[in-house]
Amino acid sequence: MSDLPETAQHIMVVEDDESLARWIADYLESHNFQVTVATRGDAALELIRSDSPDAVILDLNLPVMDGLEVCRQARLFFDSPIIMLTARDTDTDEVDGLDTGADDYLAKPVKPSILLARLRALLRRSQKATVESTIRIGGLNIDTHSRTVMLFDTVVALSSHEYDVLNVLASNVGQAMSRDSLV
């Protein structure tokens with residue numbers, strides 16, 4: 001039994017070795033993922049921006065733009081998990097990859113079951129963070145990441161202080177709040 005949702009999650013595999021990319025894609029597809037493959041760094045960055053995959057598996061040695069630069073630039077607009085999967089296996093490479101924004105770093109060759117387990121773990125954490133970042137009460141939705149409030153699909157304009165008070169009250173539904181605790 002899988003803990004993935006019924007709709008297939010979209011994984012982007014960025015790997016310049018086309019046979020390895022296809023092998024990873026086939027393996028993930030056999031585990032009910034939708035997979036897109038990119039073989040160049042610049043193309044991958046554009047696909048990450050346009051497709052918003054649920055996760056990216058990223059090689060470092062890519063033509064046109066290397067994986068570190070793809071990760072660095074993607075982190076400006078992409079919050080979902082990035083796993084670096086690369087032949088570079090020194091401590092310095094791993095630290096650079098994680099410091100650049102990768103959520104995990106795996107050296108090739110990797111057992112497919114290990115890659116799948118790491119991917120699923122990151123997706124679970126990512127889904128939990130997304131759920132926890134939204135407070136829903138009736139028709140009221142508070143997105144704690146973007147600090148936006150919607151009431152029945154209409155954006156509610158609030159000052160910073162108004163948002164803070166609403167967030168505290170919504171986070172403590174059913175509990176009496178003293179004025180002092182709000183201040």
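Leu151 stands opposite Thr154 in strand 9, a good place to start our walk. Helices (H or I, at least four residues) and strands (E, at least two) are DSSP runs, numbered from the N terminus. This is a predicted model, in which local features need pLDDT of at least 70 and side-chain atom pairs count only at pLDDT 80 or more, while totals for chains, interfaces and linings use all residues. Residues are numbered from 1 along each chain as its sequence is written, and side-chain values use heavy atoms, with hydrogens and water left out.

Strand 8 and strand 9 run antiparallel and are joined by 3 bridges; two strands count as paired if DSSP finds at least two bridges between them. The two form a hairpin with 2 residues between them, and in its turn Phe152 has a positive phi of about 50 degrees.

Now step across to the other neighbour of strand 8. Strand 7 (residues 140–143) is antiparallel to strand 8 (residues 148–151), with 4 bridges joining them. Along this pair, Asn141 stands opposite Met150, and Asp143 is opposite Thr148. Their hairpin has 4 residues between the strands, and Arg147 takes a positive phi near 60 degrees there.

Let's look at the whole sheet. Its 4 strands follow the order 6-7-8-9 with antiparallel pairing, and the sheet is open. Strand 6 (134–137) and strand 9 (154–156) are at the edges and each has a single partner strand, so one side of each is left without a neighbour in the sheet. On average, neighbouring strands here are turned by 25 degrees against each other, direction ignored. Helix 6 (residues 160–171) packs on this sheet, touching strand 6, strand 7 and strand 8 (contact means heavy atoms within 4.5 Å). The direction of helix 6 makes about 110 degrees with that of strand 7; axes are lines fitted to C-alpha atoms, for helices over the stretch in contact, and angles run from 0 to 180 degrees between N-to-C directions.

What about the nonpolar residues? A nonpolar core is a set of buried Ala, Val, Leu, Ile, Met, Phe, Trp, Tyr and Cys residues joined through side-chain atoms within 4.5 Å, where buried means under 20% relative accessible area (1.4 Å probe, protein chains only). The largest core has 20 residues, and Val14, Ile48, Val56, Leu58, Val70 and Met84 touch the most other members. Helix 3 gives the largest share, 4 residues. Leaving aside residues up to four places away in sequence, Ile48 touches Met12, Pro53, Val56, Val70, Ala74, Phe77 and Phe78.

Key:
Buried means under 20% relative accessible area, exposed over 50%, partly exposed in between (1.4 Å probe, protein chains only).
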